[in-house]
Amino acid sequence: MNEISSIPTQPEPEHLAHTGDVLEAILLGELDLDARLSVGAALATLYDVFPPYNPRPAATESIDLRTGIRQALDALGSAVDEAGSVQEAVRAGRTARELRDLQDRL
Amino acid sequence: MTYRQEMGRLAREVAKLLAEGGTVPSQDIPAALAGHSSVVGLLRAVQADLSATEWRGVSELSLELARQPRINDQPLTSIIMAPTRSRAGDLWTRVAKAANFAQQEWDQSTMASRPFGDTAWSEIADVATLAEAVGLLDEDIAHSLNTVGRWREAADFRTSQTGLIGVAQEVRRLAGTGPLPTAQDLQPITPETVIPVPTPKQLPEALEHLTALINSANNLPPAQVELISRVVAETAVYAAGALRQPGDPAPAALRAHAERLSAVTGHSKRIAPLRMGSGKAITQAQQIHHMLRNLQLRGETLSPRVARAAARALPPITKGLLDAAERQVKRGLWLMSREGNGPMRWTASLGSTDEPRILNRLREAHKHGATVSRFVGLAPTGSKAKKQPSPIPARFSPDRSPTVAHPSPSSGKQLEHTAAADELLDFLTGGGGITLNQSAQGPVHPREPRRLLTRPVQMVA
C-alpha cells in the first residue's frame, strides 16, 4: 500500500482553497526575501490543520504580490464568515493577520 | 443560541479582529479591555472545568491564562450601550458580548453534558486556539494603551503575551495529534426548587438536597459558602445535642466538625466573586436555619433518629462546599485582594501556592468529615467501652467541659449540652451576620512548576 494514501485527509473549504491557490501563485513570482517569508508563513498558518486537506494541483501562473494579497484577504474574510468551527475561523484570521502585516510593510 | 453557536460567533469576531487589527483609539480602550477580559474569563472557566476531568497536563495553559491582565475600566453594560469610535472598538464590544453569552451557556449547562474523555480534546483545542488569538491581540491592546500613556498596563499585556502564545500553540497541536470528534451540545440545568423545612422531619432530606444544590451550582459566592458552613455547623451542634447515649463518639465528633466549619467564617471579605450564582443553595440553608432556630426557641431538640440521619448528611455538604470553592478559585471567578499591588488590587489566584485561606479551612473541615462519617455510623458502645482516639480538640470534648442542664419549657425534659457547645452555638446562631476577622494572606508565588503535556500521540493507521 502506498503510505501517503493511508493518511486521512479532509476536504478543504472553498474560500481557504482559493486563498491557498492565490498564495502559492504569489510565490511563483519575483519576490524579495521578506515577502517570500511572510507569504510562506501565511501558507503554513493556513495549512496548520489536522487531518490535512486533500491534495490539489499546484498553481502554474504567478500573480502580483499586492493583487494577490488583496484577493487572499477577501477570500479569508469570506472564510471567517462561513467557518464551520472555532479553529477554522481563528486560523483564517491568523493567516489574514500575517498578510495584513505584510501589506502594511509594502 | 447554544454554547457551540456562541463559541462560533465569538471565534468569527476574534478572527475579524486578528484580520483587521485590534488597535483602538483612546475612546474605545474600555471596549477593548472588556472584550479581552471577557474572553480570558470564558477560556479560564472552560479550561478549568475540562482539565479537572482527566488530563492535568494542559494545566499550564490555565496558568498562562491566569497571568493575563484583566482590566475593566467600565462595567460591561456601559460598554455595550456606549457607541464605539472605530471598527476595532465595535469588534471588541461584539467579542465581549459573545464571550459573556458563551460563558452563560457554559455555566448553565449540566456537568453531565460537558465534554468528557476523548471529546474533551475538541474543547481543549478550541480553548487553546482562542487563547493563542488572545495572545496575538495582546500586542494590539498594549499598543493602544501605550498611545494614551498607560505604559505599565501595556507592559503587563506584553509580558504575559509570549508565554500564552507558546503554551496555547503547544496545547493546540497536542490536541490535534488525535481525532477531534464533535461533542454534543450542552444541556441546560433543569430548574431546581428549594425544599421547605417546617419540621425536623424534613431536615435530613433538606440537607441532602442542599448537597445537590451545592454540587450543581456553578457559582457559589464566598459569603454564601461561609453562611452555609455556618448552618452546617449549627446543624452539627444540634445533632450532637440530640445524641446522648453514653459512649457514643458521634456527639464529640459533630462538635469538633462544627468547630472546624466555624473556622471557615471570616475569610470572604478578601475575596471578590465575579458571579453570584442562583442563590438556591443559600435559600435552602436558610430554610434549615429557620427550622433549627424555631426548635431552639421552643426549647425542643431533634429526635436521635433524625439527628443521626442529619449528621450523616453533613460531611457531603462540607465536601460540596470545598469542591465549589476550589472550582471557582481555579476558574478565576474569585478574585483575591492584594493590598499594596497598585491598580491591580483584585486578581485571580496564581496557583496552588496562592489560594484564599478559606480553601484551607474548608479542606480541614472536609478532612475531618471522614471522622464524622465513621463515628456517626457507629453504634453507641456504652459507658464501659474502650475510649477511641479522637482528633477532637479538648475545648469541645465532653469529658473536659462541665455539663449543664437546660430546662425545656415544652417537654419538661432536661436537655444536656456542654458549656463549650453552648458557646459554639451562640457563635453560630448569634447576630445573623458574619464577623469578619481577617488575617493576612499567605505568600504569593507567581509561578508553578511546569507540568508535562500528557496526551499520547495517536498513530495514523
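Colleague: In what order do the elements of chain A run from the N terminus on?

Modeller: They run α-α-α-α. Please note that this is a predicted model. In total, chain A holds four helices and zero strands.

Colleague: What percentage of the residues in chain A are buried?

Modeller: Of the 106 residues in chain A, 41% are buried. The chain exposes about 5,700 Å², and 52% of that area is supplied by carbon and sulfur atoms.

Colleague: And the contacts in chain A, what share of them join residues at least 24 apart?

Modeller: The share is 79%, taken among contacts between residues at least 6 apart in sequence.

Colleague: Let us turn to chain B. What does Arg87(B) form with Glu20(B)?

Modeller: The two residues form a salt bridge, and their closest N and O atoms are 2.7 Å apart. This pair links distant parts of the chain. Arg87(B) belongs to helix H5 (residues 87-107) of chain B and Glu20(B) to helix H1 (residues 3-20) of chain B, with the two positions 67 residues apart.

Colleague: How accessible are Arg87(B) and Glu20(B)?

Modeller: Arg87(B) is partly exposed, because its relative accessibility is 39%. Glu20(B) is also partly exposed, with a relative accessible area of 36%.

Colleague: Why do such side chains pair?

Modeller: Side chains of opposite charge can pair when their charged atoms come close.

Colleague: What about Arg67(B) and Glu64(B)?

Modeller: Their side chains meet in a salt bridge, at 3.0 Å from N to O. Both residues sit in helix H3 (residues 59-67) of chain B; they are three residues apart, so about one helical turn separates them.

Colleague: Is Glu64(B) buried or exposed?

Modeller: Glu64(B) counts as buried, because its relative accessibility is 5%. Its partner Arg67(B), by contrast, is partly exposed at 21%.

Colleague: Where do Arg361(B) and Glu364(B) lie?

Modeller: Both lie in helix H13 (residues 357-377) of chain B, three residues apart, or about one turn of the helix. There is also a network: salt bridges that share partners join Asp48(A), Arg94(A), Glu132(B), Arg172(B) and Arg173(B). As for Arg361(B) and Glu364(B), their side chains meet in a salt bridge of 3.9 Å, N to O. Arg361(B) is partly exposed at 24% relative accessible area, and Glu364(B) is partly exposed at 42%.

Colleague: How many salt bridges are there over all chains?

Modeller: The count comes to 25.

Colleague: Now the interface. How many residues of chain A are in contact with chain B?

Modeller: On the chain A side there are 17 residues, in contact with 29 residues of chain B.

Colleague: How is the size of an interface often given?

Modeller: It is often given as the accessible area lost when the parts come together. Between chain A and chain B the buried area is about 1,800 Å², and carbon and sulfur atoms give 60% of it.

Colleague: How many salt bridges does the rule find across this interface?

Modeller: It finds five. One pairs Arg173(B) with Asp48(A), whose closest N and O atoms are 3.1 Å apart. Six residue pairs between chain A and chain B are in polar contact.

Colleague: Which helices of chain A supply at least two residues each to the side that touches chain B?

Modeller: Helix H3 (65-81) and helix H4 (86-105) of chain A each do so. The largest share of that side, nine residues, comes from H4(A). By type, the residues on the side of chain A that touches chain B divide into nine nonpolar, three polar and five charged.

Key: Residues are numbered from 1 along each chain as its sequence is written. Chains are lettered from A and ligands numbered from 1 in the order in which they are written. This is a predicted model: local features need pLDDT of at least 70, side-chain atom pairs count only at pLDDT 80 or more; totals for chains, interfaces and linings use all residues. Side-chain values use heavy atoms; hydrogens and water are left out. Buried means under 20% relative accessible area, exposed over 50%, partly exposed in between (1.4 Å probe, protein chains only). Contact means heavy atoms within 4.5 Å. Accessible areas come from the Shrake-Rupley method with a 1.4 Å probe; for residues, only the protein chains shown count as cover. A salt bridge is a side-chain nitrogen of Lys or Arg within 4 Å of a carboxyl oxygen of Asp or Glu. Buried area is the accessible area (1.4 Å probe) that two parts lose on being put together, summed over both. A polar contact is a pair of N or O atoms within 3.5 Å; within protein, one must be able to donate a hydrogen and the other to accept it, and residues adjacent in sequence count only if both atoms are side-chain atoms. Ala, Val, Leu, Ile, Met, Phe, Trp, Tyr, Cys and Pro count as nonpolar, Asp, Glu, Lys and Arg as charged, and the others, Gly among them, as polar.
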